[in-house]
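Please open the model in your viewer and keep both the cartoon and the side chains at hand. The stops below name what to select at each point and then describe what is found there.

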Amino acid sequence: MNCDEVSALLAAEVDGEVDPLRSHALRKHAAGCTGCGARLEAIAETRRRLRSELPYHAARAAFRVRLAASLSTASPVRAAKAGRWRWFGGGLAAGVLASGLVWVTSTAGLQAPFGADLPTRLVGLHTRATLGNHLIEVASPDRHTIKPWLSARLDYAIPVVDAAGAGYALMGARIDRLDGRAVAVLVYRHRTHIIDVFVRPASGGTATAGSTVRGFNVAQAEGAAMQWLAASDLNADELAVFVTALAQGRLGE
Amino acid sequence: MVHLDAGHNLARWLTRDASDAEDVVQDACLRAMKYMGTLHAQDGRAWFLTIVRRAFYDWLARNRPALLARDDESAFESLADEADNPEQALMHKTERLALAEAVAALPLPFREVIVLRELEDLSYKEIARIADIPVGTVMSRLSRARRLLQGAAALRGFDSTGAGGDA
């Protein structure tokens, strides 16, 4: 590599975007060339300073509250024109297009039959909750707080466990509407992933296998006379293992 | 909402105003709700940042059309005509500014890639998707933006050591 080739790649090198082979050649050149070496170090220094000195503008609490209020009154609209989003990967399956109405279903409280679109509806509820800041109505890692809160709002009681020991920290809970009735939703965090676990009395209906909707995974299990349905961007395998262990009471304490 | 802070941060850097940023984010959230049903989002953050960015440019066209006309890359290219050295021309404007102010003073095409790269730590590929430009353009804009900021930072360092003082 000569100085011209190297200087074209210096910034990319600092960003870790140069392939290993060229990166090696570049580093070798920079080690022996004062000009390129100094420029490489100068870019790295600028990058360090940017990262340490630039303020990160997180949303203000007051704005979050205002936003949540305005979003909850906003009417859901059926999405159109998905073509330009195709780069999100995988294109759009017909079933995914059909799920554009999921918001209408969830907010209007329409009685939808328990059917093959359950995963889509669960993902709709999950994404809507995370987006609209309604993820958690009672925020607490303490199951003794959450359990009575849920019991007071439901006609059934569910086991609540904090699985922080297994890496699944209980964050809180909310009530959501699924198939026309109020259901408990336990919210867990695993690493950076938020997991919604919908818990309702087992109906003896057909068990659905795990599935993926718009990049979110859905897994389900039965236990303690309840049906446990988990929706998250966590990978399918871990999600299935978690919800099964949760349903069978093998987690917590 | 999980990526609200990332969206807000981007909007704040682009608008350079707290209340304008909140307007943009609110609009973006409404759009996100609208599109949610049809998306196959692999990465929620990149997806939401794309929407925030679009919401911002629409907001800019509505509210500050003059700025949109002036603050594009061609405007930046024209700096080259005004001075022998385009870096020097902008450096002149930014030399007395702190680094954060220097970033805020960057033309939009450079500011957005810097924020996405340094504050959100996104890859060139992700930035290319969000800003709807080729990866090579991401690389060249980042490179030029950093050179400009390097100048600003170096001069500021010079000042703060007092070594530049013949005052």
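Select Asp176(A) together with Val183(A), its bridge partner in strand S3 of chain A. This is a predicted model, and the pair belongs to an antiparallel arrangement in which nine bridges join S2(A) to S3(A), the latter covering residues 181-190 of chain A. Moving to the turn of this hairpin, where two residues lie between the strands, select Asp179(A), which takes a positive phi near 50 degrees.

Next, extend the selection to the other partner of S2(A). Strand S1 (residues 138-139) of chain A runs antiparallel to S2(A), residues 169-178, and two bridges join them. To see one such pairing, pick Ala139(A), whose bridge partner in S2(A) is Gly172(A).

Now show the whole of chain A, in which nine helices and seven strands are found. Of its 253 residues, 34% count as buried, and among the contacts in chain A with a separation of 6 or more, 53% are between residues 24 or more positions apart.

For the interior, turn to the largest nonpolar core, a set of 58 residues in which Val24(B), Val52(B) and Ile114(B) have the most contacts. Colouring helix H3 of chain B, residues 44-63, picks out the largest share of this core, namely nine residues. A second core, separate from this one and made up of 41 residues, can be located by selecting Leu122(A), Leu125(A), Ile146(A) and Val243(A), which are among its members.

Which residues is Ile114(B) in contact with, once its neighbours within four places in sequence are left aside? Centre on Ile114(B) and select Val103(B), Leu106(B), Leu142(B) and Ala145(B) in its own chain, and then Leu50(A) from the other chain, since these are its contacts.

Finally, colour chain B by pLDDT, for which its mean is 75, with 65% of its residues at 70 or more. Among the elements of this chain, helix H8 (residues 108-119) has the highest mean, 94, whereas helix H5 (residues 73-82) has the lowest, 44. Two stretches of chain B deserve a separate selection: over residues 74-84 pLDDT stays under 50, and the model has ten contacts beyond four places in sequence for them, while over residues 157-167 pLDDT also stays under 50, with three such contacts. Where pLDDT is low, the predicted coordinates should not be read in detail. For the complex, the predictor gives an ipTM of 0.76 and a pTM of 0.52.

Notes
Residues are numbered from 1 along each chain as its sequence is written. Chains are lettered from A and ligands numbered from 1 in the order in which they are written. This is a predicted model: local features need pLDDT of at least 70, side-chain atom pairs count only at pLDDT 80 or more; totals for chains, interfaces and linings use all residues. A nonpolar core is a set of buried Ala, Val, Leu, Ile, Met, Phe, Trp, Tyr and Cys residues joined through C-beta atoms within 7 Å. A residue is buried if 20 or more other C-beta atoms lie within 10 Å of its own, exposed if 12 or fewer, and partly exposed in between; C-beta atoms are placed from the backbone. Helices (H or I, at least four residues) and strands (E, at least two) are DSSP runs, numbered from the N terminus. Two residues are in contact if their C-beta atoms, placed from the backbone, lie within 7 Å. Two strands pair if DSSP finds at least two bridges between them. pLDDT is the predictor's confidence in each residue, from 0 to 100.
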